[in-house]
Amino acid sequence: MTATQAPLPAEASPARQEKAQNGGMKQFISFKIGEEGYAIDIMAVREIKGWTETTPLPNQPEYILGVMNLRGIIVPVYDLRCRFGMGLTEASRSHAIIIVSAQDRMAGLLVDAVSDILTIDSGKICPVPEAECGASADYLSGIVPVGETMVVILALDKLLVRGHGTPSSQMSEVQQAA
Amino acid sequence: MSAIAPTLADTERFQATFFEECTELLQDLEERLPSLQAGNIDSEGLNAVFRVVHSIKAGAAAFNFTELVKFAHVFEALLDKLRSDRIQRSAQVFSVIVRGADLLAELVEAARSSRAVPPGLGAGVISELNELLGAPEDAAPAPAAAKAVQEELRHARAYRIVFEPHRELFRHANEPLLLIRELKHLGELETECDTSKLPDLAHLDAEAAYLSFVFHLTTKAPESAIAEVFEFVDQECVLKIEELGAEGDPSGSPATAEAARDAAQSDTAAAAVPSAKGSTSIRVDLARVDRLVNMVGELVITQAMLAQQLSESGGGQRHQWTKGSEELAAQTRQLQECVMAIRMQPVRSVFARMPRLVRDIAGRLGKKIRLVTSGDQTEVDKTVIEELADPITHMIRNAIDHGIEDADTRLAAGKHAEATIELAASQRASNILITIADDGAGIDRAKVLKSAIAKGIVREDQKLGDDEIYALIFAPGFSTAEKVTEISGRGVGMDVVRRNISNIGGRINIHTTPGKGTRFTLVIPLTLAVLDGMLVAAGEEKYILPLSSIVESIRPSRAQVRTISGGMQVAAIRGEYIRLISLHRILNIPGKVPDPWKALVVVIETENGSKAGLVVDELIGQQQVVVKSLLENFDAVRGISGATILGDGRVALILDLEGICALPEHWRADGGADELEPVANAPDGGIESASMPMSVPKRAHAPGAPEIHASA
């Protein structure tokens, strides 16, 4: 497996990070699933790897692809496309796994492609509109316009919740929203 | 000089160390109490108890835990008199000591959590202590108080005190300045400082003590009060206290001399053992050991990878390489064993907490219980030990509250009024066996069933065997207690116990005889870090089976295999019918499910003695694997006890055989991506066919989520 390792911009430039915080600016890593743009807090990102083969875990929700070996650590890999109710990703070498850490746990997120590092004024982040029946997917933490398009910001701690057996009602609402 | 003005962080660190030490000391104390209580303690034992109390007092004084110091001081005084036979050794005294030890532990805990000590805590013990000591005035700890009492009785006298600290003084968080200040409180003080040992700046070690002092003190306080100022440093310095030509009445001096000698004696005794210990063991941060274990784990994997690559490569030099490779394998293995041994600890540290628990709860419930422990030298991995304390505590608590009848009922049943709980540990192969047995009433089968039905855990019409009924006590929310007590009965308990135990790869068995008692057996792997395994292939996937559970592997003939009701297959092997479990089916592995007579059957035996045959495609080979937890970054997965990394860098899952046997066979119907049938009713179907009612998967509804995507 050839792993393409991207250096961590956040760690590389503490000065910039500080500046970002001072001005109410936050940095995100944005990535694509299909045509949709998503972003996660750069501070949660540990590294970005090329797609590697995973070992499937039995009897798990479909979006849990399995586990991978990250230098001796066993890390579960989530297929985000599937997590958002858009079917399984047909993973190939062009796909990327973003290794994140949230709530003391590491996880890999399978995405189509990593796009950019975004520096966003937190004031510009809008809340996600609630779905019709009141409950919106709580792992979507906000929407922010970037150029012509918009990017959905994910709340990792909600996305990688323990027990991850998301109630099906909630999942169907995601689909309605999507 | 960091020692003079420790930063806040330093203080916190020192405190943490102090409490760590307290925990160890209290454990040591706890271990000695049974022999004390039985009245057969020797002076060696008493000395040890004294040292514990003394060390705690010393540490507590450094951090100004006044309540703790005050009590430890009185307690220490009693122990001191006891060991020098100035107080008769009697049952009453020993009982006060046992309660004193409990109080000491409580005060330490209060100091640790910076709780205020509730007023009147342990008042009974303290007053009894004082009574035994006779003169409570003696027990007043502060030199100032002693001074106040005796001021009128004595005239001022002059002392010459020579104080030459050892180099290490500062390292033990002592500070001469504080001592000087305290001396000054006693009277008129003149201080000479000897700087002759001070090296030039280039050779100065900032953390070493170079200065020594000569004090001229004129005081009305007794010599013992002066000795007390130096109480905590007198193992770390040369100390001479001389009286210079008495200015007043000399009659008091024999007594004070005796007191000073006492103080000196107690301190030398206190110093003797810790220093001896220090030479044979060191305190190492657990994180460092863990790092070492992990590194060696990586090394083992790398070695396995090399060996594999070598065996796959051809070439003329192969023979030479092989020899080297074999040596490397042997050395790696030895290195790993050595490293693992660092983390092995006797279970004593857990067992030692139990006598107090039993005393406590039995006292509160008014039951008489004797706790018999054995095998507390059995060693297990440190990480396992930490996970053992809670379940054992819980099970003992349960045994006392539910298992053991009150004295009248016991007598009526022809039993001894005093009940016995046995707590034993032993090693069996790569497992540790812990049994908790009581001679109480046993588990009431009918009551358990009734309660389980009432709570909706099982349905009324379900047919259950004895084992299945007893296993119900592990169901979440189960409780038979008629009334909820503060000790147990809320129905949170045994399910947590079982989860804790299965988290560390162990299992629980119950044997109960109505009227005779109940025996719980915990079978837990000695270490969580390595496992002797058999690598098997099923479809594209490879799995590790724990070698210790494998009985044999066979390829049955077609005639040996029968399909019986519900699609279950059994194989007749030497007169035994063994249930066949297809790994493909149960783990939902893509690909064709092989027929047992074309594949291999690995016969396994689970801890409760039942056998099963796992149908796999191929046995790849025996291998020691480094166990990695799934829980670190994920949740528990039924049927999987962990994972490892194979020579090629891929992850292989380690199967939890007991879990596998309990998995319902048609998982494929609810978990499979290719199945579109609605799954809402699948978990219910699962219950009926599962071997045990509690084998309903924790996340029975989880597979529901993907189904919705599949159909969308």
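B:Cys237 is buried, at a relative accessible area of 8%, where buried means under 20%, exposed over 50% and partly exposed in between (1.4 Å probe, protein chains only). B:Cys338, by contrast, is exposed at 52%. Counting a disulfide as a pair of cysteine sulfur atoms within 2.5 Å, the total over all chains is zero.

This is a predicted model, so local features need pLDDT of at least 70 and side-chain atom pairs count only at pLDDT 80 or more, while totals for chains, interfaces and linings use all residues; side-chain values use heavy atoms, with hydrogens and water left out. Residues are numbered from 1 along each chain as its sequence is written, and chains are lettered from A and ligands numbered from 1 in the order in which they are written.

**How far to trust it**

- The predictor gives the complex an ipTM of 0.76 and a pTM of 0.50.
- Chain B has a mean pLDDT of 76, with 80% of its residues at 70 or more; pLDDT is the predictor's confidence in each residue, from 0 to 100.
- Among the elements of chain B, strand β22 (residues 651-655) has the highest mean pLDDT, 92, and helix α22 (residues 682-689) the lowest, 32.
- Residues 136-153 of chain B stay under 50 in pLDDT, and the model gives them 18 contacts beyond four places in sequence. Contact here means heavy atoms within 4.5 Å.
- Residues 246-278 of chain B also stay under 50, with 33 contacts beyond four places in sequence.

**Chain B in outline**

- Chain B holds 23 helices and 22 strands. These are DSSP runs numbered from the N terminus, with helices being H or I of at least four residues and strands E of at least two.
- Of the 712 residues in chain B, 44% are buried.
- Take the contacts in chain B with a separation of 6 or more: 70% of them are between residues 24 or more positions apart.
- The accessible surface of chain B is about 35500 Å², and carbon and sulfur atoms hold 52% of that. Accessible areas come from the Shrake-Rupley method with a 1.4 Å probe, and for residues only the protein chains shown count as cover.

**Helices α4 and α11 of chain B**

- Helix α4 (residues 91-112) has 22 residues and spans 32 Å from first C-alpha to last, close to the expected 32 Å at 1.5 Å a residue. That expected span is 1.5 Å times one less than the number of residues.
- After α4(B) comes B:Ser114, with a positive phi near 45°.
- Helix α11 (residues 318-343) is home to B:Thr332, which is buried at 3% relative accessible area.
- Outside its neighbours within four places in sequence, B:Thr332 touches B:Leu299, B:Val300 and B:Gln303.

**Positive phi in loops**

- Most residues other than glycine have a negative phi.
- A:Arg71 isn't a glycine, yet its phi is positive at about 45°. A:Arg71 sits in the loop between β4 (64-70) and β5 (73-79) of chain A and is exposed at 54%.
- B:Asn64 is another residue other than glycine with a positive phi, near 60°. B:Asn64 is in the loop between α2 (43-62) and α3 (66-83) of chain B, and is exposed at 61% relative accessibility.

**Salt bridges**

- There are 29 salt bridges over all chains, each one a side-chain nitrogen of Lys or Arg within 4 Å of a carboxyl oxygen of Asp or Glu.
- In chain A, A:Asp112 pairs with A:Arg81, with the closest N and O atoms 2.4 Å apart. A:Asp112 is in the loop between β7 (105-111) and β8 (113-121) and A:Arg81 in helix α3 (residues 80-83), so the bridge ties together parts 31 residues apart in sequence. Both A:Asp112 and A:Arg81 are buried.
- In chain B, the side chains of B:Asp381 and B:Arg343 form a salt bridge at 3.3 Å, N to O. This pair links distant parts of the chain, 38 residues apart, with B:Asp381 in strand β7 (residues 379-381) and B:Arg343 in helix α11. B:Asp381 and B:Arg343 are both buried.
- B:Arg410 and B:Glu405 form a salt bridge too, with closest N and O atoms 3.0 Å apart. B:Arg410 is buried at 1% relative accessible area, and B:Glu405 is buried at 13%.
- Through salt bridges that share partners, B:Glu30, B:Asp102, B:Glu106, B:Arg356 and B:Arg359 join into one network.
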